[in-house]
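Reader: Please pick one part of this structure and look at it closely. Keep it brisk.

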Amino acid sequence: MHGVSLGQTTNNIAEYSAVIELLSESISFGIRSLIVRLDSELVVLQLNRFYAIRNPVLLRLFLRVCLLEREFDYIEYQHIPRYLNTLADAIAYRILNRNLQ
């Protein structure tokens, strides 16, 4: 449970960046199966190949995820509504406060 400051960006770019970080770290730990829960329904639908990606920045991030996915035997992306994602809110709040000090 840690975070990286991305500066001012969109929620979807932040979600993709988190997925890339998670997949990279999971590979380094030898993890071969993952269930990834995200609160961006758009990103989940894109990662599950239900929605096309028109934004070039998101497409570049999506392609990085696709390369990382090759290292896994199983990967699943699930949507968690924002109002149910209190753990992510608590972590983000803690990181924000730490960065402001």
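Author: Start with a term: a residue is buried under 20% relative accessible area, exposed over 50%, and partly exposed in between (1.4 Å probe, protein chains only). The model is predicted, so local features need pLDDT of at least 70 and side-chain atom pairs pLDDT 80 or more, while totals for chains, interfaces and linings use all residues. Numbering starts from 1 along each chain as its sequence is written, and side-chain values use heavy atoms, without hydrogens and water.

The part to look at is strand β1, residues 33-38. Its side chains alternate. Leu34, Val36 and Leu38 point to one face and are buried. Ser33, Ile35 and Arg37 point to the other face and are not buried.

Now the setting. The protein chain has four helices and two strands (DSSP runs: H or I of at least four residues for helices, E of at least two for strands, numbered from the N terminus). Their order from the N terminus is α-β-α-α-β-α. The chain has 101 residues, and 30% of them count as buried.

β1 has a partner. Strand β2, residues 74-79, runs parallel to β1, and six bridges join the two. Strands count as paired when DSSP finds at least two bridges between them. Val36 stands opposite Tyr77 of β2.

Tyr77 deserves a longer look. Tyr77 has a relative accessible area of 5%, so this residue is buried. Beyond neighbours within four places in sequence, its contacts (heavy atoms within 4.5 Å) include Val36 and Leu38. Val19, Leu23, Val44, Leu47, Asn48, Val65 and Glu69 also touch Tyr77. In space, Tyr77 and Val43 lie 9.1 Å apart, C-alpha to C-alpha, with their positions 34 residues apart in sequence.

Next comes the core. The largest nonpolar core has 19 residues (buried Ala, Val, Leu, Ile, Met, Phe, Trp, Tyr and Cys joined through side-chain atoms within 4.5 Å). Tyr16, Val19, Leu23, Leu38, Leu47, Val65 and Tyr77 touch the most other members. β1 gives two or more residues to this core, as do α1 (11-28), α2 and α3. The most come from α3, with six residues.

From α1, two residues reach Leu34. Leu23 touches Leu34, and also Val65, Leu68, Glu69, Phe72, Ile75 and Tyr77, leaving out residues up to four places away. Ser26 sits in helix α1. At a relative accessible area of 4%, Ser26 is buried. With the same exclusion of residues up to four places away, Ser26 touches Ile31, Leu34 and Phe72.

Finally, the charged pair beside the strands. Arg32 and Asp73 form a salt bridge (a side-chain nitrogen of Lys or Arg within 4 Å of a carboxyl oxygen of Asp or Glu), with the closest N and O atoms 3.0 Å apart. Arg32 is in the loop between α1 and β1 and Asp73 in the loop between α3 and β2, so the pair ties together parts 41 residues apart in sequence. Asp73 is exposed at 59% relative accessibility, while Arg32 is partly exposed at 38%.

The structure holds two salt bridges. The other pair is Arg49 and Glu69, at 2.8 Å from N to O. Arg49 lies in the loop between α2 and α3, Glu69 in helix α3, 20 residues apart. Arg49 is partly exposed at 46% relative accessibility, whereas Glu69 is buried at 12%. Glu69 also links back to β2, through its contact with Tyr77.
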